[in-house]
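Visitor: Hi, could you walk me through this model? I'd like to start with the charged contacts.
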Amino acid sequence: MENSRLLTFLIISLAIVIFYNQLLQWRHPELARRQTRVGATAIPTGAATPFPEQAANSLAAPGSASNAVGTENNAARTVPARTITIVTRLYQAELTARGGRLASFKLKDYRQTDAPDSPPYEAITGGDRLPLGLVIARGAAISDDGEIIYTSDAPAQIDVAAGGATVTLTGATADGLKLTKTFAFKPDGYVFDVTAAVNAPSGMKIDGVGLQLSRPLTANAGFRDVPELQADVQDKVLNDAQKAIEKGVPPVVGAITYAGFGDRYFLSALMPLKPVVGTLAMDYVGDEADARIVFDGATTVSSAVFIGPKELDVLEAVNPSLKKTINFGWTSIIALPFLKLLKVFYRIAPNYGLAIILLTIVVRLVTLPMSIKGQRSMMRMQRLQPQVERIREKHKDDQERLNREMVDLYKRNHVNPLGGCLPMAVQLPVFFGLYEALLNAIELRHAPFIGWIKDLSAPDCLPVSWIPLLPFTQCHGIPVLVILMTITAFVQQWMAPKQPDPNQQKMMMYMPVVFSLIFVNMPAGLTLYYFSSNLLGVVQQFILNREFQQLPVPAAT
């Protein structure tokens, strides 16, 4: 009885944790369907035209550019600004003269969707305030260069060769500040450098300069793919979502390793080079979040910029600290090795579906001794159940005698009442680690498996045109893997030792149904793992059942 109660508790706890993710998306649909702000100004990307004659532009306070309502300012924003296109092996970037910022950053090795003709993934998510703004501190006031029109002698398009390429932009404000931004691009990798400098006329004091990243925190398509601010300041990791930033996050001061915005699969982050000790401030204006780094007393700031995939090898090659942006939560120490092992299996079998199956087999083999020990203990407990019930009935009025007789029974038959649950409790961290590893692996994004499964990061659905949309899903068809996972879970429950309490037994049989409702919207890669694990569990239970059929039944006492 004690064994079954603890097992039931563990399973219910597990279901609650997983179901909580689904509940959040149901209760807060804005996280998954938030619309981009109406009226956001698009940055034109046409052919290279000469820079317009630059007017004397004052720096605007951060965020004010997107909210400006003056006729003159709005008219200025409608003037097409020149763009400079930078092409490397891995990405195509566009710098706009207005604000000297990134208007586009397309990753060539990644696509917007899993469609064969899908365009390259666009890392710049739009909005009024584009990434890489220059900010200037004068007293308590912070201003940026959002409306400055920069000039440059760079050509309209630059194909970055082996030696790299440099683009220098210059601008000025109405009160005489001279602004310079220098971008240094490399032929390989997702990192480039930016240096921003402010030259003030005699008698004007500058208290500090810095850089700013901005982006709307609009949820991406897919399970639990909500962007958030991510940073590492003074070895303290920050992961703040939209609500936290809107409510107000206090500035953080210290050595800044990285600061920027990341979603489930991609990251845009500043990595200060000189200076590195500054203040990271976070705020939310309109529909955009800002991550602003200011260095007191500086007039020049240099930073590396990473815009690319959250692929473990890529992040570690740039800076080992960047792997913290893959948000595994408390399971990081377990999930990271599983993710690395998954990539090893992909080299053996170049299909991530097969790699997941191989990973499942290895995990099953590693946990096999604990699993078998737990199952054998449960089966012994089941065989002793008739004697347990007789003892309970015989000594129901003498609790002390009842406990003593129960202990004697277990000792004589070498049974630990908790033996079936303790190994399972040990395996729970493994379960959560695998869950997080497969959920956050960019390698599964748009990775095909077999037949209808074109994307292991998307929910499983075999398209059938005449089947209506399944409730609470985007599936016009049959979730084949989910059904197979449910069937194998039922078979496991049917083969496993029966619970002595009929109510608990019924509840255990309902659990596969609960899990099927949870997994119908989860990535197919996760479902494939649990289906494979269930299948191996059925085989294991079949062998153990045959083993126990050959053992003598304990003699009644």
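Visitor: So how many salt bridges are there?
Guide: The count comes to 18 salt bridges, each being a side-chain nitrogen of Lys or Arg within 4 Å of a carboxyl oxygen of Asp or Glu. This is a predicted model, where local features need pLDDT of at least 70, side-chain atom pairs count only at pLDDT 80 or more, and totals for chains, interfaces and linings use all residues. Residues are numbered from 1 along each chain as its sequence is written, and side-chain values use heavy atoms, with hydrogens and water left out.

Visitor: Which residue meets R101 in a salt bridge?
Guide: That is D144, at 3.8 Å from N to O. R101 lies in strand β3 (residues 101–111) and D144 in strand β6 (residues 141–144), so the pair ties together parts that are 43 residues apart in sequence. Strands here are DSSP runs (E, at least two residues), and helices are runs of H or I with at least four, numbered from the N terminus.

Visitor: Is R101 buried or exposed?
Guide: R101 is buried, with a relative accessible area of 4%. Buried means under 20%, exposed over 50%, and partly exposed in between (1.4 Å probe, protein chains only). D144 is buried too, at 2%.

Visitor: Which residues are linked with them in a network?
Guide: The salt-bridge network links R101, D144, D145 and K181.

Visitor: Now D313, what does its side chain meet?
Guide: D313 forms a salt bridge with K343 (3.6 Å, N to O). D313 sits in helix α6 (residues 312–318) and K343 in helix α7 (residues 332–348), so the bridge ties together parts 30 residues apart in sequence. D313 is partly exposed at 37%, while K343 is buried at 9%.
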